[in-house]
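Q: Please take a close look at one part of this model. Keep it simple, and go step by step.

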Amino acid sequence: MRRLPNALTWLRIALIPIFVVLFYLPVYWGRPAAALVFGIAGITDWLDGYLARRWQVTSNFGAFLDPVADKLMVVAALVLLVSDARGWSGPLVTMASVVIIGREITISALREWMAGLGARGQVAVSSIGKYKTTAQIIALLFMLFRDPFYGLPVYATGVGFLLVAAVLTLWSMVVYLRSAWPYLSGRENGR
């Protein structure tokens, strides 16, 4: 049982190729099935963190692997959706995806650099980041599902959530960079 949180993280990574295959299957149920797999991955993300904290089995490896698994799944979804975006949504989906992926690269590099300085706590997860993640997951689920559901324009609603997520992504990046600015500018400890 102590290994279950890390096993769930590994499962999330293992689901990525299945997710990609389902997305491209030329059958009517392929996209909804891909959305379902993405949703299952999201549930395992929540569950592995909950179990690790509840059972007090957090580990350095788990702390490393969990965000990697999250980013791999999200980036895979964004790349698939960009490759599929047509018409009015193409430029919007592409720009929002570039913003989200670019922010992830920037903040990951910033966290690694700050950890090297022993100041990783200065760039901890903020509440804005949690709102961004929520909007992003809703957006990706809706866009992956794609088809209207009881008259609800699922894909267009997902694009709207993706744009909200992109704005929150930029906002959270500014928050992180402001927190790290004394270190980036050399002003920390009088440098």
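**A close look at Gln136, with two loop residues**

A: This is a predicted model. Start with Gln136, which lies in helix 5.

Is Gln136 buried or exposed? Its relative accessibility is 4%. Buried means under 20% relative accessible area. Gln136 therefore counts as buried.

What does Gln136 touch beyond its neighbours within four places in sequence? Its contacts there are Val74, Ile100 and Ala165. Val74 falls within the 60-84 span of helix 3. Ala165 falls within the 154-184 span of helix 6.

Now add Leu168. Along the chain, 32 residues separate Gln136 from Leu168. In space, their C-alpha atoms are 9.4 Å apart.

Next, follow helix 5 to its end. This helix covers 127-145, and helix 6 covers 154-184. Arg146 sits in the loop between them. Look at its backbone. Most residues other than glycine have a negative phi. Arg146 is not a glycine, yet its phi is positive, at about 75°. Its relative accessibility is 34%, so Arg146 counts as partly exposed.

A second loop residue is worth a look. Gln56 lies in the loop between helix 2 (30-54) and helix 3 (60-84). Its phi is near 55°. That value is positive too, and Gln56 is a residue other than glycine. How much of Gln56 is accessible? Its relative accessible area is 69%. Exposed means over 50%, so Gln56 is exposed.

Put the three together. Gln136 is buried in its helix. Arg146 is partly exposed. Gln56 is exposed.

Note on methods: Residues are numbered from 1 along each chain as its sequence is written. This is a predicted model: local features need pLDDT of at least 70, side-chain atom pairs count only at pLDDT 80 or more; totals for chains, interfaces and linings use all residues. Side-chain values use heavy atoms; hydrogens and water are left out. Helices (H or I, at least four residues) and strands (E, at least two) are DSSP runs, numbered from the N terminus. Buried means under 20% relative accessible area, exposed over 50%, partly exposed in between (1.4 Å probe, protein chains only). Contact means heavy atoms within 4.5 Å.
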